[in-house]
Amino acid sequence: MRASVAYNRPISTGYLHLGLAAPDFPTMFRAGEFVMVRPPWTGDPFLPRAFSIYRVSGGGGVSPEGPPRIVEILYKVLGKGTQCLARMQPQQEIEILGPLGNAFTLPDQGVLPVLVAGGIGVPPIAALARQFRISNFEFRNPEVFLGGKTSEDILCVKDFEEAGASVHVTTEDGSLGGRGLLTDFLRPFLFTAQVTRLRIYACGPPGMLTAVARLAEESAVPCEVSVEANMACGFGACMGCAIEVKADVRGYKLVCKDGPVFDSREIVWR
Amino acid sequence: MEMRESRAESREESAERGELSREPRGARRKEGDERQAPSAVDLAVEVAGIRMKNPILTASGTFGYAREFEQYMNLNRLGALVVKTITRLPRPGNPPPRVVETPAGMLNAIGLQNVGIETFIREKLPYLRTLQPPLIVNVAGESVEDFRELTKRMADQEGVAGIELNISCPNVAGGLDFSTDPNLAYRVVKAAREATSLPIIPKLSPNVTDISAIAGAVTDGGADAISLINTLVGMAVDVRTRQPKIGNVTGGLSGPAIRPVAVRMVWQVARVVRVPVIGMGGIVTADDALEFLIAGATAVAVGTANFIDPAAAVKVIEGLERYCVANEIPDIRELIGSLQIPRQGDDYGWSAR
């Protein structure tokens with residue numbers, strides 16, 4: 001669907017917050033769902049890019065006086081696609097497709113959600129914290145583990161605090177919070193938590209997800225991960241975004257359609 | 001030429017009398033078929049006896065089994081539907097990464113992931129039969145006998161208008177051989193030909209020295225039409241890790257990057273074969289589709305563009321219509337093979353003809 005850039009502003013070194021005015025986008029989305037975003041480029045880059053939805057703001061959208069419907073994503077400038085996005089100016093047209101994919105499942109009452117995000121993996125996790133807060137169920141306030149290389153990779157702390165979460169920040173260089181890997185801090189928490197029922201929700205770079213999935217298995221805590229894959233279409237047509245899964249005769253699932261959220265035990269971690 | 005003679009009778013009249021021997025039963029089964037808004041131009045074409053209300057098809061492997069697209073477009077607008085390759089047994093596909101973007105295109109090595117013919121017939125075909133456009137199923141075998149069996153089984157199914165033979169997938173062991181060796185290509189097509197009276201449409205590989213030799217071989221084998229081109233074998237390397245960007249090391253290149261190659265091959269083949277050519281390779285816009293028609297394709301397929309815009313095929317159809325209206329072309333068939341090559345001065349020492 002057609003959308004236009006509402007704003008596209010830096011939030012940290014190399015990270016931007018993109019708001020897309022999209023009147024036809026559904027108000028409600030479930031944390032974990034994503035959109036395919038395609039600026040009006042003509043050949044290079046060629047494919048749309050997948051981004052987890054960070055937030056949808058603006059409410060109704062039907063009334064012309066009301067605030068416009070804005071689909072928000074956060075992104076890190078890494079390659080051709082994100083470099084192209086970073087140059088987008090307000091009012092410019094852009095195509096989006098979504099919401100796509102599956103979503104995180106909400107925990108049962110009494111379960112303590114443990115939210116884990118590394119670097120630019122944070123948007124769907126922040127969306128999940130917000131979803132906990134606005135849902136009708138009573139959840140325990142989540143414990144949040146945010147990790148990055150430096151303080152510049154730590155995003156959305158305020159979102160989590162507003163959602164009533166306790167936030168544990170770790171950076172590899174110690175420039176913010178504890179020094180080390182996120183899992184160095186997650187491990188003792190999982191093994192000493194006073195709550196018997198935990199559930200991990202994680203998104204981040206592959207190495208971090210692999211480590212979190214192993215920790216989850218060791219500590220016997222259920223864990224859902226949102227994963228990434230090279231993707232052409234985003235809606236199951238190209239079959240390009242395969243991920244190897246266990247206990248499945250086909251051997252592969254599609255990140256765009258069967259995911260992007262998977263039970264960590266389902267995935268073959270490399 | 002034959003096409004033009006058959007125009008003496010209005011295609012609608014004959015359709016109503018049910019005289020279209022090769023019209024897929026599926027295309028007629030829906031009650032109260034929507035009539036498209038009357039248009040000033042006639043976009044209809046006929047390929048190997050399959051009548052299409054416009055020359056736009058979907059390229060196999062880029063359109064799933066159509067259902068993936070139903071929420072984004074009116075599937076009944078399409079000239080014909082070509083669905084993802086089906087093999088005898090289910091195939092899990094290749095290890096990731098399976099796709100990577102390249103300049104103006106992408107490399108893929110999906111590895112013909114599919115549910116297998118029996119599951120296709122049980123689970124995918126019933127939905128496809130509810131759609132109006134003629135259905136062309138695409139099959140790939142590992143042997144000549146495989147192709148014969150697959151063709152026979154598919155042709156027995158209600159709602160199948162034609163069989164496209166994928167003799168050119170670059171991403172499975174042996175898959176390419178059928179389309180790079182004229183003798184093998186001939187034998188595969190002949191086997192399929194013997195298995196059915198439905199139109200047989202081999203899809204050729206561009207990864208050959210002389211495409212017209214292969215095209216000649218498949219028409220000798222009994223092909224009713226030719227699809228070209230499949231993807232070009234390509235490769236991309238991650239210079240940071242020094243690893244190939246595709247799990248399968250090499251992959252098939254598609255998208256606008258290959259369009260000039262595809263247009264050239266359509267032009268070369270359409271001049272030398274007597275059967276219609278279905279052109280494809282990097283079509284994103286109506287202008288792209290027109291290039292192929294003018295170069296000699298009777299119909300064209302939208303492929304990789306379906307990934308970047310799930311409504312791409314419909315947009316191409318609408319663009320074709322606008323082009324015909326704007327250029328006062330009452331019948332799109334006037335464009336087929338209408339390429340004008342300016343005479344070159346003798347001094348050049350070569351001829352564009």
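This report walks through a predicted model with chains A and B, starting with the build of chain A and ending with two residues of chain B.

## Chain A overall

Let's start with the big picture. Chain A carries five helices and 16 strands. Its radius of gyration comes out at 18 Å, close to the 18 Å that the globule rule gives for 270 residues, so chain A is as compact as a globular protein of that length. If you lay the C-alpha trace along its principal axes, chain A spans about 50 × 45 × 40 Å.

As for packing, 49% of the 270 residues of chain A count as buried. Take the contacts in chain A with a separation of 6 or more: 62% of them come from residues 24 or more positions apart.

## Two domains in chain A

Chain A splits into domain 1, residues 2-100, and domain 2, residues 112-226. The C-alpha centres of these two domains of chain A sit 25 Å apart.

Where they meet, 14 residues of domain 1 of chain A are in contact with 11 residues of domain 2 of chain A. On the domain 1 side, the elements that give two or more residues are β1 (2-12) and β6 (70-76) of chain A. Of these, β6(A) gives the most, with four residues. Sorted by class, that side of domain 1 has eight nonpolar, four polar and two charged residues.

## The seven-stranded sheet

Chain A also has an open sheet of seven strands, with mixed pairing. Reading across, the order is β11-β10-β9-β8-β12-β13-β16 (chain A). The edges are β11 (178-179) and β16 (261-263) of chain A, and each of them pairs on one side only.

Now zoom in on the β11 edge. Strand β10 (residues 166-171) of chain A runs parallel to β11(A), and two bridges join them. Here A:T171 stands opposite A:R179 in β11(A).

Two helices lie across strands of this region. Helix α2 (residues 122-134) of chain A crosses β8 (112-118), β9 (143-148), β12 (198-203) and β13 (223-226) of chain A, running at about 155° to β8(A). Helix α4 (residues 182-192) of chain A lies across β8, β9, β10, β11 and β12 of chain A, and its angle to β9(A) is about 160°.

## Where chain B touches chain A

On to the interface: 27 residues of chain B are in contact with 23 residues of chain A. On the chain B side, the elements that give two or more residues are β5 (99-102), β6 (105-108) and α11 (305-308) of chain B. That side of chain B has 16 nonpolar, eight polar and three charged residues.

## Two buried residues in chain B

B:I246 sits in the loop between β13 (243-244) and β14 (250-254) of chain B. Is B:I246 buried or exposed? B:I246 counts as buried, because it has 26 C-beta neighbours inside 10 Å and the cut-off for buried is 20 or more. Leaving out residues up to four places away in sequence, B:I246 touches B:P97, B:V100, B:L107, B:A109, B:A236 and B:G251. B:P55, in contrast, lies 33 Å from B:I246, C-alpha to C-alpha, and 191 residues away in sequence.

The other residue to look at is B:R51, which you'll find in strand β2 (residues 50-52) of chain B. With 21 other C-beta atoms within 10 Å, B:R51 is buried too. B:R77 is 26 residues from B:R51 along the chain, and their C-alpha atoms are separated by 14 Å.

Note on methods. Residues numbered from 1 in each chain as written. Chains lettered and ligands numbered in written order. Predicted model: local features only at pLDDT ≥ 70, side-chain atom pairs only at ≥ 80, totals over all residues. Pairing = 2+ DSSP bridges. Contact = placed C-beta atoms within 7 Å. Axes fitted to C-alpha atoms, helices over the stretch in contact; angles between N-to-C directions. Buried ≥ 20, exposed ≤ 12 C-beta atoms within 10 Å, placed from the backbone. Rg over C-alpha atoms; globule rule 2.2 N^0.38 Å. Nonpolar A, V, L, I, M, F, W, Y, C, P; charged D, E, K, R; others polar. Domains from an automatic or database assignment.
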